[in-house]
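Biologist: Could you take me slowly through the place where the two chains meet, and tell me which residues take part in it? I am a first-year student, so please go one step at a time.

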Amino acid sequence: MSQNEQVRYYKPFVGPFDPCPPILVKSYSTPPQLFIPFQPPNWPQFSPHEALRYGTLWPALFSSYESKRTKKAEGEGEA
Amino acid sequence: MSKTMDSEFYKLLHELQAIDFVLVELNLYLDTHPNDTNAIQQYNHCAQVRQQIAYNYESRYGPLKNFGQSYSGTPFQWVDTPWPWQV
């Protein structure tokens with residue numbers, strides 16, 4: 001599982017009175033469209049079948065969404 | 001044993017699904033880029049390809065859509081399985 005460069009992490013505040021075990025590291029996804037104000041014309045494209053698989057016609061806009069369920073080793077929950 | 005469809009059926013549907021997705025993407029793109037002639041050309045080409053695939057499918061397996069948007073053989077094929085969710 002390569003480090004997905006579109007995922008960013010932050011450490012939420014942990015108070016002393018939390019009733020449940022705190023989640024120390026949380027993550028959020030930053031897909032490419034956040035950084036592209038207006039899509040330029042004539043971008044390279046996927047083939048139809050690839051586009052169906054990737055979920056977008058343009059590789060530059062592809063954003064993978066790995067399940068967070070399996071990825072515990074990344075320190076997702078711990079410090 | 002219930003009716004089973006051949007692999008050509010699934011291949012055609014997969015082709016149709018892929019080309020439809022490309023058309024949706026191009027349509028959304030053209031909403032914001034109405035003057036992009038290359039995209040319009042590609043859109044029209046894909047629409048033509050989609051029509052061909054749909055024609056191939058319908059000539060072999062029956063109508064894709066009802067209410068007059070597709071032709072039907074006799075007996076009326078619209079009621080035949082598999083329905084989209086049964087494919």
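Modeller: In this predicted model, chain B and chain A bury about 1,200 Å² between them, and 65% of that area lies on carbon and sulfur atoms. On the side of chain B, the residues that lose the most area to chain A are Phe21(B), Glu25(B) and Tyr29(B), which together make up 36% of what that side buries. The contact is formed by 14 residues from chain B and 14 residues from chain A.

Turning to the kinds of contact, the rule finds 0 salt bridges across the interface of chain B and chain A, whereas it finds 6 residue pairs in polar contact there, with both residues at pLDDT 80 or more. Two elements of chain B, α1 (7–32) and α2 (37–61), each give two or more residues to the side that touches chain A, and the largest share of that side, 10 residues, comes from α1(B). Sorted by class, the side of chain B that touches chain A holds 5 nonpolar, 6 polar and 3 charged residues.

A good residue to look at closely is Leu57(A), which touches Phe21(B), Val22(B), Glu25(B) and Leu26(B) in chain B, and also Pro44(A), Gln45(A), Phe46(A) and Ala51(A) in chain A, when residues up to four places away in sequence are not counted. Phe21(B) and Glu25(B), which appear in that list, are also among the residues of chain B that lose the most area to chain A.

Leu57(A) also has a place in the largest nonpolar core, a set of 23 residues in which Leu57(A), Trp58(A), Cys46(B) and Tyr57(B) touch the most other members. Within chain B, α1 and α2 each supply at least two residues of this core, and its largest share, 11 residues, comes from α1(B). As background, nonpolar side chains tend to be buried together in soluble globular proteins.

For contrast, you can look at a residue of chain A with an unusual backbone angle, Asn42(A), whose phi is near 55 degrees, a positive value in a residue other than glycine. Asn42(A) sits in the loop between β2 (26–29) and α1 (48–54) of chain A, and it counts as exposed because its relative accessible area is 52%, where exposed means over 50%. Most residues other than glycine have a negative phi.

Terms used:
Residues numbered from 1 in each chain as written. Chains lettered and ligands numbered in written order. Predicted model: local features only at pLDDT ≥ 70, side-chain atom pairs only at ≥ 80, totals over all residues. Heavy atoms only, no water. Contact = heavy atoms within 4.5 Å. Buried area = accessible area lost by both parts, 1.4 Å probe. Salt bridge = Lys/Arg side-chain N within 4 Å of Asp/Glu carboxyl O. Polar contact = N/O pair within 3.5 Å; in protein donor to acceptor, adjacent residues only side chain to side chain. Helix = DSSP H or I, 4+ residues; strand = E, 2+ residues; numbered from the N terminus. Nonpolar A, V, L, I, M, F, W, Y, C, P; charged D, E, K, R; others polar. Core = buried A, V, L, I, M, F, W, Y, C linked by side-chain atoms within 4.5 Å. Buried < 20%, exposed > 50% of the residue type's maximum accessible area, 1.4 Å probe, protein only.
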